[in-house]
Amino acid sequence: MLRLKRNQSGLAMVEFAVSLPFFAALTIGGVEIANYTSVVMQLSQISLHTADNAARLGTATPNGSKSISEAQIKDVFEGAMREGARIALGGTHSYVDPATDVPTRRGNARIILSSFEEVVPFNATDPRYRIRWQRCGGGATFYTSNYGTKATTTSVTGIGPAGRQVSPPSGGSLMFVEVQYHFRPMIVNGFTLLTDHSISQIASTVVRDRRDLTGAPGGEGIYNLEGVEPATC
């Protein structure tokens with residue numbers, strides 16, 4: 001009995017068994033936090049690149065301005081989806097409708113692109129702006145803009161979060177992008193404090209070249225000579 005009492009041959013195994021759950025929890029938590037940080041950074045970059053690409057697009061016209069088309073806008077969204085392939089920006093996730101209790105699938109993300117321009121005629125003493133047009137990409141149609149639509153944003157002083165609103169320069173326009181994404185943990189949903197929730201990232205870029213804002217039919221300044229289906233919201 002005394003020899004058995006002094007036997008420590010299994011001590012390391014017991015200590016390992018006791019500490020394993022704690023090490024596993026720390027490892028999983030670290031992986032989830034690293035993944036979450038990576039996703040947020042990628043969404044931020046996608047929003048910046050989308051705004052920048054939208055500000056650059058256009059086809060030169062004889063009068064020196066650039067005209068944009070529905071096909072070019074769709075190309076911008078396609079580029080964003082390809083950039084976000086690693087986080088399945090264009091993919092879907094399972095969802096149970098609480099109204100019907102029927103499982104279904106819905107899109108992971110929605111990209112909302114708005115052209116923010118001056119209200120015409122422009123009053124320099126009381127500058128006002130509007131969303132001239134808005135286009136959307138991605139299958140998460142349940143997401144809507146947090147900063148207004150063409151119908152609701154017709155005379156405002158800026159766009160964006162309170163205290164960080166932006167506006168275009170005189171005579172120009174601004175591309176404002178919202179990327180909304182449904183985040184899901186990698187390993188076990190709810191194991192850490194990270195659970196299913198929405199992530200929203202915004203970015204804006206001033207249109208660098210002089211853009212044809214009035215030439216296209218329909219009052220939005222977007223041409224559609226290719227006859228493609230507009231990426232409306």
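The paragraphs below lead from the overall fold of this predicted model to its largest pocket, and then to its aromatic pairs.

The protein contains 3 helices and 9 strands, and, read from the N terminus, these elements follow the order α-α-β-β-α-β-β-β-β-β-β-β. Of the 233 residues in the protein, 38% are buried, while the surface that the protein exposes amounts to about 13,300 Å², with carbon and sulfur atoms supplying 58% of it. When contacts between residues at least 6 apart in sequence are considered, 67% of them join residues at least 24 apart.

The largest pocket offers a place to look at how separate elements come together. Its volume is about 210 Å³, and, among the 14 residues that line this pocket, I87, A88, Y181, H182 and R184 are the closest to its centre. Helix α2 (11–56), strand β3 and strand β7 (173–183) each supply at least two residues of the lining, and β7 gives the most, with 3 residues. Sorted by class, the lining of the largest pocket comprises 7 nonpolar, 5 polar and 2 charged residues.

A88, one of the residues closest to the centre of the pocket, sits in the loop between α3 (70–83) and β3 (92–97). With a relative accessibility of 34%, A88 counts as partly exposed, because this value falls between the limits of 20% for buried and 50% for exposed residues. Leaving aside residues up to four places away in sequence, A88 touches N108 and Y181, the latter also being among the residues closest to the pocket centre. A88 and A109 are 21 residues apart in sequence, yet their C-alpha atoms are 8.6 Å apart in space.

The aromatic side chains give another view of the structure, in which a search of the whole model finds 5 aromatic pairs. In one of them, the ring centres of Y36 and F183 lie 5.2 Å apart and the ring planes meet at 85°, so the pair is edge-to-face. This pair links distant parts of the chain, since Y36 belongs to helix α2 and F183 to strand β7, 147 residues apart. The two partners differ in their surroundings: Y36 is partly exposed, with a relative accessible area of 26%, whereas F183 is buried, at 1%.

Another pair is formed by F116 and Y129, whose ring centres are 5.8 Å apart and whose planes stand at 35°, so the pair is tilted. Because F116 lies in strand β5 (residues 109–118) and Y129 in strand β6 (residues 129–137), the pair ties together parts that are 13 residues apart in sequence. Both F116 and Y129 are buried, and together with F122 they form one aromatic cluster.

Technical notes: Residues are numbered from 1 along each chain as its sequence is written. This is a predicted model: local features need pLDDT of at least 70, side-chain atom pairs count only at pLDDT 80 or more; totals for chains, interfaces and linings use all residues. Side-chain values use heavy atoms; hydrogens and water are left out. Helices (H or I, at least four residues) and strands (E, at least two) are DSSP runs, numbered from the N terminus. Buried means under 20% relative accessible area, exposed over 50%, partly exposed in between (1.4 Å probe, protein chains only). Contact means heavy atoms within 4.5 Å. On a 1 Å grid over the protein atoms alone, a cavity is a set of points where a 1.4 Å probe fits but cannot get out, and a pocket is an open set with protein on both sides within 12 Å along at least five of seven lines; lining residues have an atom within 4 Å of a point. Grid points are joined across faces, edges and corners, and a volume is the space filled by probe spheres set on the points. Ala, Val, Leu, Ile, Met, Phe, Trp, Tyr, Cys and Pro count as nonpolar, Asp, Glu, Lys and Arg as charged, and the others, Gly among them, as polar. Accessible areas come from the Shrake-Rupley method with a 1.4 Å probe; for residues, only the protein chains shown count as cover. Rings of Phe, Tyr and Trp (its six-membered ring) pair if their centres lie within 6.5 Å; planes under 30 degrees apart count as stacked, over 60 as edge-to-face and the rest as tilted.
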